[in-house]
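Q: Can you walk me through this one? Let's start with cysteine pairing.

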Amino acid sequence: MRTGVWFRRMSLLRTTGAVCAALAVLLGLVVLVGWYVHSALLVQIAPSLAPMQRNTAFGFVVCGIALLGIVGHRPRVALMGGAISAAL
């Protein structure tokens with residue numbers, strides 16, 4: 001009985017990590033597209049706030065990919081994502 005609860009908890013944690021990683025990648029890509037098409041709506045939340053810069057958006061994408069590599073048991077993807085984000 002106890003092993004079933006542990007398995008469900010790990011599955012929930014893995015799913016949560018994958019969702020957070022996908023949201024980080026999505027946010028970064030939306031901002032990068034916003035910079036490409038020169039859309040202030042996609043780059044900043046409110047006009048009074050500073051816009052997200054290109055390298056920050058790229059960092060979100062790379063960190064999200066690294067987290068997906070961790071969640072998906074892909075150590076090479078996680079290592080490359082971590083190395084690129086550390087270089088930024």
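A: First, the cut-off: a disulfide here is a pair of cysteine sulfur atoms within 2.5 Å. Note that this is a predicted model.

Q: OK, how many disulfides does a search of the whole structure find?
A: Zero.

Q: And Cys-20, how does it count on accessibility?
A: Cys-20 has 42% relative accessibility. Partly exposed runs between the 20% and 50% limits, so Cys-20 falls in that class.

Q: What about Cys-63?
A: Cys-63 is at 41% relative accessibility, so this residue counts as partly exposed too.

Q: Switching to the surface. Which residues form the nonpolar patch?
A: Val-19, Leu-23, Leu-26, Val-30, Val-33, Tyr-36, Val-37, Leu-41 and Leu-42. Together they have about 890 Å² of accessible area.

Q: Which helices supply it?
A: Helix H1 (2-37) and helix H2 (40-43), with at least two residues each. H1 gives the most, with seven residues.

Q: Where does Leu-41 lie?
A: In helix H2. Its relative accessible area is 71%, over the 50% cut-off, so Leu-41 is exposed.

Q: Now H3. What should its length be?
A: Helix H3 covers residues 54-71, which is 18 residues. At 1.5 Å a residue, the helix should span 26 Å. Its end C-alpha atoms are 26 Å apart, so the two agree.

Q: Which H3 residues are buried?
A: Ala-57, Gly-59, Val-61, Val-62, Gly-64, Ala-66, Gly-69 and Val-71.

Q: And just after H3, which residue takes a positive phi?
A: His-73, with a phi of about 55°.

Methods. Residues numbered from 1 in each chain as written. Predicted model: local features only at pLDDT ≥ 70, side-chain atom pairs only at ≥ 80, totals over all residues. Heavy atoms only, no water. Patch = residues over 30% accessible without salt bridge, like charges linked within 9 Å, V, L, I, M, F, W, Y side chains within 5 Å. Areas by Shrake-Rupley, 256 points an atom, 1.4 Å probe, with all protein chains shown as cover. Salt bridge = Lys/Arg side-chain N within 4 Å of Asp/Glu carboxyl O. Helix = DSSP H or I, 4+ residues; strand = E, 2+ residues; numbered from the N terminus. Buried < 20%, exposed > 50% of the residue type's maximum accessible area, 1.4 Å probe, protein only. Expected span 1.5 Å × (residues − 1).
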